[in-house]
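User: Could you take a close look at one part of this model for me, the nonpolar core, and work outwards from there? I'd like the residues by name and the cut-offs spelled out.

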Amino acid sequence: MIDFLKKNALLKVFSLNSVSVLVNFVLGIFSLKIISYYLGSPGMALVGSYRNFTTLFKSVATNGFSQALLKLFVENKEDKKEVQIVISTFFWLFLSLSVFLGILLFVFSESFSLFIFRDEQYGFYIKLFGLVLPFFALQTYLTSIFNGLLWYKKIVFAQILSVLIVFLITVLLIYYKQLQGAFIAIAVADVVLFGAIFAIAIRHQKGMYFDLQKVISKKYWSAIGKFSSMALFSGVIVPLNFILIRNLIIDFHSIEEAGIWDAVNRISGFYMMFFTTGFSFYYLPKLASIQTQSAFKFELVNFYKTVIPLFVILIVGLYWVKDLIVKWVLTTEFQEVNSLLLGQLGGDFFKVLTLAFGYQIVVKTLIKRYFIIEIFYNLTFYLLAHLWVGEFSANGAVQAFFVANLLNFLLILFLFRKTLIGSKDS
């Protein structure tokens with residue numbers, strides 16, 4: 001058993017990443033408690049809308065560049081001259097697009113505020129996010145290079161340091177500024193992480209072979225275009241879907257009910273980040289390097305043997321202590337979360353089952369499958385939510401989440417049926 005743990009590269013990455021996740025989890029729980037106590041369910045809903053909006057623009061700003069950069073960096077890592085062209089190309093892409101979007105946010109801040117919050121008074125916080133967006137883009141750029149260099153420990157260290165700093169900032173801002181403080185904390189979080197990542201890059205710049213040139217190489221546009229089309233679509237539709245579903249709950253019921261739904265999503269996000277960040281560390285570089293179906297099937301089997309049992313234990317444990325979660329993490333105002341958690345855990349289970357396939361689709365730029373899956377999942381999620389929210393309120397949105405993930409998993413099995421049952425490499 002000990003030898004298995006030592007030799008299993010996936011578990012090594014997960015164990016390393018678990019330190020960062022544990023810190024994120026503990027501090028995230030405290031942050032959630034602070035938000036629920038000081039802002040209540042209406043504040044929880046508004047903070048959720050702001051998070052979704054910033055996530056949407058972060059996705060557009062990076063536009064799939066991080067996956068494309070990782071793939072091209074790994075493929076050209078042995079050629080120092082070529083890798084310089086790669087990192088220079090992506091530096092200017094990251095910087096120019098994020099600056100453009102920042103200006104767009106600044107100019108149309110009141111319109112965006114009206115769309116998200118149905119009130120123009122929060123335009124300042126849209127402008128603030130626009131100002132810090134380039135820092136997020138450059139942080140993502142450097143992290144992608146770190147991933148290509150397999151600098152997992154350095155990434156984890158930077159994440160832990162930044163999370164600790166952001167937590168302290170969040171507590172102080174919410175205590176003194178309430179809702180406005182929460183918005184500011186969300187906006188400046190990525191500046192802190194950029195500072196930590198940049199400090200590591202400066203200290204280890206020799207290992208990165210950095211020599212930025214004023215070049216955007218056209219020969220990489222094809223690869224960039226494939227990744228960008230996928231990332232731009234999901235980067236917009238996923239957070240937009242959450243905003244629309246939250247608005248459905250508000251329209252049919254109340255902002256308090258929307259806050260209940262957001263609390264469930266926040267709890268889900270805490271345990272899901274262990275698996276999603278672990279996959280990004282391990283699977284993206286790994287899948288980028290394999291070329292055959294048999295190699296992918298080997299990684300898939302390793303994934304299901306290693307990760308799924310751990311996730312089952314986790315969700316069973318969470319459901320067992322759900323009453324304590326509401327008592328300790330939230331307030332009595334969020335008691336309804338108890339009845340919603342089972343559906344959320346079930347939906348997340350099927351989501352984890354699809355993750356390994358999803359990363360294969362992204363890394364290998366299987367565009368047709370990607371769009372089929374994304375359109376099917378998000379459309380199913382929204383339509384079912386629209387059908388059930390009116391009658392079941394926040395529980396209707398959770399039910400829609402569960403069914404959408406179940407159907408999406410079945411669709412992925414169908415699309416990958418030849419890979420799963422085939423014996424020959426293509």
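Analyst: What follows starts with the model as a whole, goes into the core, and ends at the surface and two backbone oddities.

First, the ground rules. This is a predicted model, so to speak of a local feature I need pLDDT of at least 70, and side-chain atom pairs count only at pLDDT 80 or more, while totals for chains, interfaces and linings use all residues. Residues are numbered from 1 along each chain as its sequence is written, and side-chain values use heavy atoms, with hydrogens and water left out.

The chain has 17 helices and 0 strands; both are DSSP runs numbered from the N terminus, with helices being H or I over at least four residues and strands E over at least two. Of its 426 residues, 55% count as buried. Buried here is under 20% relative accessible area, exposed is over 50%, and partly exposed is in between, with a 1.4 Å probe and protein chains only. Among contacts between residues at least 6 apart in sequence, 84% join residues at least 24 apart, a contact being heavy atoms within 4.5 Å.

Now the core. A nonpolar core is a set of buried Ala, Val, Leu, Ile, Met, Phe, Trp, Tyr and Cys residues joined through side-chain atoms within 4.5 Å. The largest one holds 93 residues, and the members that touch the most others are Y50, F183, W261, L330, V337 and F381. Helix α11 (residues 255-289) gives the most to this core, 12 residues. Another core, of 22 residues, lies apart from it and has F90, I145, I155 and A196 among its members.

Let's zoom in on L330. Leaving out residues up to four places away in sequence, L330 touches L32, K33, S36, M44, A263, I267, I325 and V337. Pick L32 from that list: L32 sits in helix α2 (residues 9-38) and counts as buried because its relative accessibility is 0%. Beyond its neighbours within four places, L32 is in contact with M44, R266, I267, F270, V329 and L330. The C-alpha atoms of L32 and M44 are 8.8 Å apart, with their positions 12 residues apart in sequence.

Two of the residues just named, I325 and V329, lead on to helix α13 (residues 322-329), whose buried residues are K322, I325, V326 and V329. Seen down the axis of α13, these fall within an arc of 100 degrees, so they line one face of the helix; the arc is that of the directions from the helix axis to the C-beta atoms. Turned away from that buried side is a face carrying the exposed residues K327 and W328.

F381 is another of the well-connected core members. You'll find F381 in helix α15, buried at a relative accessible area of 1%. Its contacts, again skipping residues up to four places away, are N241, F242, I245, W261, A397, A400, F401 and A404. F381 and N408 are 27 residues apart in sequence and 9.9 Å apart in space, C-alpha to C-alpha. Over in helix α16, N405 is buried too, with a relative accessible area of 3%. N405 is in contact with G347, F350, K351 and Y377, its neighbours within four places aside.

On to the outside. The accessible surface of the chain is about 19,200 Å², and 68% of that belongs to carbon and sulfur atoms; areas come from the Shrake-Rupley method with a 1.4 Å probe, and for residues only the protein chains shown count as cover. V99, I103, F106, V107, F108 and L131 form a nonpolar patch with about 570 Å² of accessible area together. For such a patch, residues need over 30% relative accessible area and no salt bridge, and nonpolar side chains (Val, Leu, Ile, Met, Phe, Trp, Tyr) are joined within 5 Å. A salt bridge is a side-chain nitrogen of Lys or Arg within 4 Å of a carboxyl oxygen of Asp or Glu. Helix α5 (residues 80-107) supplies the largest share of the patch, 4 residues. L131 comes from helix α7 (residues 123-148) and counts as exposed at 54% relative accessibility.

Finally, the backbone. Most residues other than glycine have a negative phi. Q178 is not a glycine, yet its phi is positive at about 55 degrees. Q178 lies in helix α8 (residues 152-203) and is partly exposed, at 32% relative accessibility. S393, also not a glycine, has a positive phi of about 60 degrees. S393 is in the loop between α15 (367-392) and α16 (394-415), and at 7% relative accessibility it counts as buried.

Terms used. Patch = residues over 30% accessible without salt bridge, like charges linked within 9 Å, V, L, I, M, F, W, Y side chains within 5 Å.
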